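Reader: Could you take me through the strands and the nonpolar core of this model, with the cut-offs behind each term?

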Amino acid sequence: MKTLFKDLKVLELASVLAGPAAGMFFAELGASVIKVENSNTGGDLTRQWKLPQEDPSAPFSAYYASVNYGKQSLMLDLKKAEDREKVYALIADSDMVITNFRKDEARKLEMSHAEFRKHNPVIIHGNLTAYGEEDPSPGFDLVLQAETGFMSMNGTAESGPLKMPVALIDVLAAHQLKEALLLALIKRMETGKGSYVSVSLYGTALASLVNQAANFLNTGFVPGLAGSLHPNIAPYGEVLTTKDDKKIVLAVGNDKQFLALCRVLEMPELASDPLFATNPMRLKNRTTLQEKLQQAACMASSEILVAKIKEEGVPAGMIRNLEEVFARPEAGAMVLNGTDELNSYRMVSSLGFHENAS
């Protein structure tokens, strides 16, 4: 798999997160990816997005490194005719181009799909926008989280609406774009024709509402701030504090799993209690249920308790910080060591799959 796209040439004219994340996917699978950055602004905006803990003299941030593994960087000014010609030459020699231009911006810079086709009739062009092809509004992930309902559900009554701790809509948009580009590659293999595919952060966010959207569309239910609690299942999202002052989270999906949880906690009476015997009743009485589960959890150590719960086939896990996460071998196996310009950086692979011999 790591050499699957060794003959694929990708030109990346995108910046920040979603577009570069899609480009990194192809780079990790062996494609030659050239990233064109704006020389007028010192390159991709995220080069400057450094933590206070980072070296201020470093050429870019860890944020930038996170989605630019395996690429060759080229600084150009697309407002200059000679630099546009360099891009057109790269287009002619590429299989795919990734952009995040607004329609008016693409027209002014002469970087539209129609222009690209003049130089490569079978080019595959993937473009990202904030709100769709016809809406010129700019948009960062945070704003989209607000405008598509995510912030209205994320947080608690005490915290108020909160954004997610990563730009998750950008990440999901990158996945949508990768899917579209892979479909376009299949189409070109079958027909010999290029494609133009477009993904918006807005459309991606709406598609990612999944069950929350279905709940509203079919019942009119408008979810509010519920923290980690699931609107359809209990105890799912309940956080318990253990004897060693660690926190674990439960994800009980059915009555059988609830019965198993009660056995582990040595509280079999809960499973037969009419207040908790079925999921609808557990939802109705989840505050009382949480209190009873907490009474049992505080008597056990976290590692032992989670292990016992998992042995019974019940989904549960410890709440870990990033230091604890990357101390585990499973996470360490996904860490990449940078190459070329990124040689002093480490980042997480964008590939969430493994290939096994068949």
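Reader: How many bridges join S4 to S5, and how many pair S5 with S8?

Author: This is a predicted model in which local features need pLDDT of at least 70 and side-chain atom pairs count only at pLDDT 80 or more, while totals for chains, interfaces and linings use all residues. Residues are numbered from 1 along each chain as its sequence is written, and side-chain values use heavy atoms, with hydrogens and water left out. Strands here are DSSP runs (E, at least two residues; helices are H or I, at least four), numbered from the N terminus, and two strands pair if DSSP finds at least two bridges between them. S5 runs parallel to S4, with Thr 99 opposite Asn 127, and parallel to S8, with Thr 129 opposite Ser 200; the bridges number four for S4 with S5 and six for S5 with S8.

Reader: Why is S5 largely enclosed by the rest of the structure?

Author: Buried means under 20% relative accessible area, exposed over 50% and partly exposed in between (1.4 Å probe, protein chains only). Ile 124, Gly 126 and Leu 128 point one way and His 125, Asn 127 and Thr 129 the other, and all are buried. S5 is therefore largely enclosed, its buried residues being six of the six.

Reader: Which helix gives the most to the largest nonpolar core?

Author: Such a core is a set of buried Ala, Val, Leu, Ile, Met, Phe, Trp, Tyr and Cys residues joined through side-chain atoms within 4.5 Å. The largest has 36 residues, and Phe 26 and Leu 181 are among those touching the most other members. Helices H1 (18-28) and H8 (168-191) are among the elements that each supply at least two residues, and the most, seven residues, come from H8.
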